[in-house]
Amino acid sequence: MTWLITGGAGYIGAHVVRALTAAGEQTVVYDDLSTGSAARVPDGVPLVTGSTLDGERIARALADHEVTGVVHLAAKKQAGESVARPLRYYRENVEGLRVLLDAVTAADVASFVFSSSAAVYGMPDVELVTEDTPCLPMSPYGETKLAGEWLVRATGRATGLATASLRYFNVAGAASPDLADPGVSNLIPMVFERLTEHAPPRVFGADYDTPDGTCVRDYIHVADLAEAHVAAAQVLRSRPGRDLTLNIGRGEGVSVREMIDRVTAVTGHDLAPVTAPRRPGDPARVVASADRALTELPWKPRHDVQDMIRSAWEGWLRLHPEAAARP
Ligand code: WQD
């Protein structure tokens, strides 16, 4: 049994490859290296460089490596950018998926795990988001993930492909410093960047209808998220025809202010945050009900927010050694 991981050279994909390998599965990475890095692919795991829009190349990779399961993470993922470049997001995330599924259904593949996002919910008006909370995405990025889920489910129903769509909440941390997210487009690395520049971290909006006025999110360690993929992959293999849609979060809300306080404590940079204007499109609160995943999968998250910040900081220091706080 071999799993093809598209986007396996990316931040989350590299963790998924390691988790599958640790669970004794064979893996092959398919990645266009546009944002991923070959250095993240472990020794002994084949890397096929190619786009998900290239159906022939995918078909060849599936046949050459006798692939029987696919974990599809290759996608564009910046919600803000997707507002300015919707065509690019639909091409890469929806058309890329359609081309991939075309090749998958023509090959000997039985299971398909799809990387979806809490962005499908948009601005949910509930304490805990369940999988039955209405999906009203607020960005083209979120729309492409929702359309992707539909495409995956419809294909599964038509062909018998066992499918799972995993809706990631806010992913953070790293299993090792070399696997940290090198980007600075999320709260934790954005705070790191400010602290490195000796600038105060920014709170985007302190007048939300939340306990401390700042946005509340559900943070999940990338190593736990990777384990959820392994669990989903194994469940699909044992139950052909299965069709799962699962929130992958911890069910614990943490505010931006709490997060920044913890980051300053971990890093030793004691700079009080400043309040900046709200970021357009930010929902006040997005926290998962993780009940369905806990029931359906042999899985539970093991890492807390402290682990996420600490491991992310180790990765940050590797790339930005000047960021170390002077005693
Ligand atoms: C978290 C909170 C910010 C930086 C995004 C995408 C989503 C998914 C995950 C992809 C927000 C606040 C941030 C800062 C701040 N993407 N913030 N100061 O927006 O919940 O989710 O990433 O796969 O689709 O939208 O995550 O980390 O950007 O922000 O106050 O310097 O932190 O306003 O409330 P978000 P985030």
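This is a short walk through the predicted model of one protein, from overall shape down to a few single residues.

Okay, housekeeping. The model is predicted, so local features need pLDDT of at least 70 and side-chain atom pairs count only at pLDDT 80 or more, while totals for chains, interfaces and linings use all residues. Residues are numbered from 1 along each chain as its sequence is written, and side-chain values use heavy atoms, with hydrogens and water left out.

Let's start with the whole thing. We've got 10 helices and 14 strands in the protein. Those are DSSP runs, numbered from the N terminus: H or I with at least four residues for a helix, E with at least two for a strand. The C-alpha trace spans about 55 × 40 × 40 Å along its principal axes. So what radius of gyration does the protein have, for 327 residues? The answer is 19 Å, which agrees with the value near 20 Å for a compact globule of that length. That radius is taken over C-alpha atoms, and the globule rule is 2.2 Å times the number of residues to the power 0.38.

On burial, 52% of the 327 residues count as buried. Buried here means under 20% relative accessible area, exposed means over 50%, and partly exposed is in between, with a 1.4 Å probe and protein chains only. The accessible surface comes to about 14,100 Å², and carbon and sulfur atoms own 50% of that. Those areas are Shrake-Rupley, again with a 1.4 Å probe, and for residues only the protein chains shown count as cover.

Now contacts, meaning heavy atoms within 4.5 Å. If you take the ones between residues at least 6 apart in sequence, 78% join residues at least 24 apart.

And charges: 32 positive and 41 negative side chains, with the centres of the two sets 1 Å apart. Lys and Arg count as positive, Asp and Glu as negative, and His and the chain ends are not counted. Each charge is placed at NZ of Lys, CZ of Arg, CG of Asp or CD of Glu.

Right, on to the strands. Two strands pair if DSSP finds at least two bridges between them. Take strand 4, residues 67-72: five of its six residues are buried, so the rest of the structure largely encloses it. Strand 1, residues 2-6, runs parallel to strand 4 and is joined to it by five bridges; there you'll find Thr2 opposite Val67. Strand 4 also runs parallel to strand 5, this time with four bridges, and Val70 sits opposite Phe112 in that pairing.

Further along the chain there's strand 11, residues 243-248, mostly covered, with five of its six residues buried. Its parallel partner is strand 6, residues 162-168, through six bridges. If you want a landmark, look at Ala164, which stands opposite Leu244.

There's also an open sheet of three strands, in the order 12-9-14, with mixed pairing. Its edges are strand 12 (254-255) and strand 14 (285-286), each pairing on one side only. Strand 9, residues 216-217, pairs with strand 14 in the parallel sense over two bridges, and the partner of Arg217 there is Val286.

Next, helix 6. How many of its 10 residues are buried? Seven, so this helix is largely enclosed by the rest of the structure. Among them are Ile188, Phe192 and Leu195, and also Arg194. What do the buried residues pack against? That would be strand 7 (170-172), strand 8, helix 8 (256-267) and helix 10 (305-319).

Helix 6 is followed by His198, in the loop that leads to strand 8 (202-204). His198 isn't a glycine, yet its phi is positive, at about 55°. His198 counts as exposed because its relative accessibility is 52%.

Leu33 is another non-glycine with a positive phi, about 60°. You'll find Leu33 in the loop between strand 2 (26-31) and strand 3 (47-49). At 30% relative accessibility, Leu33 counts as partly exposed.

Last stop, Ser139, in the loop between strand 5 (111-117) and helix 5 (140-159). Is that loop residue buried or exposed? Ser139 counts as buried, because its relative accessibility is 9%. Leaving aside neighbours within four places in sequence, Ser139 is in contact with Ala79, Ser82 and Val83.

That's my tour, thanks.
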